[in-house]
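Here is a friendly briefing to read alongside the structure. Please keep the sequence and the 3D view open as you go through the points.

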Amino acid sequence: MKLTRLTIPLVYAMFLYACQPQAEKSTEQLDTTSLSTVEESPDEWIMLFDGSDVSHWKTYNEDGLEWQVVNGELTTDGTGGDIMSKEKFTDFELEFDWKISRGGNSGVLYQVVEDKKYKYSHETGPEYQLIDAENYEEVHNYKLEPTQVTAANYALGVPSSQPVNPSGEYNHSKIVVNQGRVEHWLNGVKVLEYELWTPVWEQKVASTKFKDMPDYGKAKSGHIALQGHGDQVWFKEIKIKNL
């Protein structure tokens, strides 16, 4: 191409632009993408109990912690009352290992409200039932209802199956709460699913003893609670992930 007086400055300007470093713009784009990825990724697991650290726990409505850590297990003989996480959670996935004594009864509750006007955590928080249904009637002379067996939504929801290990053996459970939708898992099997705050939920609550507990199941966020019900129960590897 023949270069005229007009084209020479134009070509020279294009040459200078091409020689300028473009790395700064590319770096800015990469950083933005990286931050977006971090912000949108699920939160990491929080170890609520790792076998020794109990800093996440306290006695319900009290200071201190009345349960004990023995051989890497968080346990009570049932006289320590309910304990609760110091943190509150809204939408989450909670996993934990547990075992219970012969004929024993306990539970894991969520969206629990701590207030001196309540005596027990079950006055506000829905419950994932933990119980030795196999021996309960013999030990306590009481026949359990279908809504009172392991992995039930206590008094409100019946699990579809009972893949539960005998008393004295560990089980693995999971509770998922996501925008009012709840799943109960037991030893790798999803056994129950229900929705909070719907007309069906309200109707069920009104047909149980919870009808006399006006704040039951109303909180959208709250504490995790482990129930001390008068029986020996053990927990280990308790972890939670915000959704």
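Arg181, Glu183, Lys190, Glu193 and Glu195 are tied together in a network of salt bridges. In the structure as a whole, which is a predicted model, a search finds 9 salt bridges. The points below start with charged pairs and then turn to strand pairing, the nonpolar cores, a buried aspartate and two residues with positive phi.

**Salt bridges between distant parts of the chain**

- Glu73 and Lys99 meet through their side chains in a salt bridge, with an N to O distance of 3.7 Å. This pair joins distant parts of the chain, since Glu73 sits in strand S4 and Lys99 in strand S6, 26 residues apart.
- Are Glu73 and Lys99 buried or exposed? Glu73 is buried at a relative accessible area of 14%, and Lys99 is buried too, at 16%.
- Glu93 and Lys174 form another salt bridge, at 3.9 Å from N to O. Here the link runs from strand S6, which holds Glu93, to strand S9, which holds Lys174, and the two residues are 81 apart.
- Glu93 counts as buried because its relative accessibility is 14%, under the 20% cut-off. Lys174 has a relative accessible area of 18% and is therefore buried by that cut-off as well.
- Glu138 and Arg102 meet in a salt bridge of 3.1 Å, N to O. Glu138 belongs to helix H3 (residues 133–140), while Arg102 lies in the loop between S6 and strand S7 (105–112), 36 residues apart.
- Glu138 is exposed, with a relative accessible area of 61%, whereas Arg102 is partly exposed at 46% relative accessibility.

**Strand S13 and its partners**

- Which strands pair with S13? Strand S1 (residues 46–49) pairs with S13 (residues 233–242) in the antiparallel sense over 3 bridges; strand S4 (residues 73–76) also pairs antiparallel with S13 over 3 bridges; and strand S6 (residues 92–100) runs antiparallel to S13, joined to it by 8 bridges.
- On the S1 side, Met47 stands opposite Lys239 of S13.
- Phe235 of S13 is a useful residue to find in the viewer: it is the bridge partner of Leu74 and also the bridge partner of Trp98.

**Nonpolar cores**

- As a general point, nonpolar side chains in soluble globular proteins tend to be buried together.
- The largest nonpolar core in this model has 38 residues, and those with the most contacts inside it are Leu94, Phe96, Ile175, Phe235 and Ile238. Strand S6 supplies the largest share of this core, with 5 residues.
- A second core, separate from the largest one, has 6 residues, including Tyr60, Leu109, Val112 and Tyr118.
- What does Ile238 touch, leaving aside its neighbours within four places in sequence? Ile238 is in contact with Ile46, Met47, Leu48, Phe49, Trp57, Leu74, Leu94, Glu95, Phe96 and Leu226.

**A buried aspartate**

- Asp91 is located in the loop between strand S5 (83–85) and S6.
- Although Asp91 is buried, it has no salt bridge, and Lys220, the nearest side chain of opposite charge, is 10 Å away.
- The Asp91 side chain does reach the backbone nitrogen of Gln179, at 2.8 Å.
- Beyond its neighbours within four places in sequence, Asp91 contacts Val177, Asn178, Gln179, Lys241, Asn242 and Leu243.

**Positive phi outside glycine**

- Gln179, the residue whose backbone nitrogen is reached by Asp91, has a positive phi of about 55° although it is not a glycine.
- Gln179 lies in the loop between strand S9 (171–178) and strand S10 (181–186). Its relative accessible area is 72%, so Gln179 is exposed, the cut-off being over 50%.
- Where is Glu237 found? Glu237 is part of strand S13, and its phi is near 50°, a positive value in a residue other than glycine.
- Glu237 counts as partly exposed, at 40% relative accessibility.

Technical notes:
Residues are numbered from 1 along each chain as its sequence is written. This is a predicted model: local features need pLDDT of at least 70, side-chain atom pairs count only at pLDDT 80 or more; totals for chains, interfaces and linings use all residues. Side-chain values use heavy atoms; hydrogens and water are left out. Two strands pair if DSSP finds at least two bridges between them. Helices (H or I, at least four residues) and strands (E, at least two) are DSSP runs, numbered from the N terminus. Buried means under 20% relative accessible area, exposed over 50%, partly exposed in between (1.4 Å probe, protein chains only). Lys and Arg count as positive and Asp and Glu as negative; His and the chain ends are not counted. A salt bridge is a side-chain nitrogen of Lys or Arg within 4 Å of a carboxyl oxygen of Asp or Glu. A polar contact is a pair of N or O atoms within 3.5 Å; within protein, one must be able to donate a hydrogen and the other to accept it, and residues adjacent in sequence count only if both atoms are side-chain atoms. Contact means heavy atoms within 4.5 Å. A nonpolar core is a set of buried Ala, Val, Leu, Ile, Met, Phe, Trp, Tyr and Cys residues joined through side-chain atoms within 4.5 Å.
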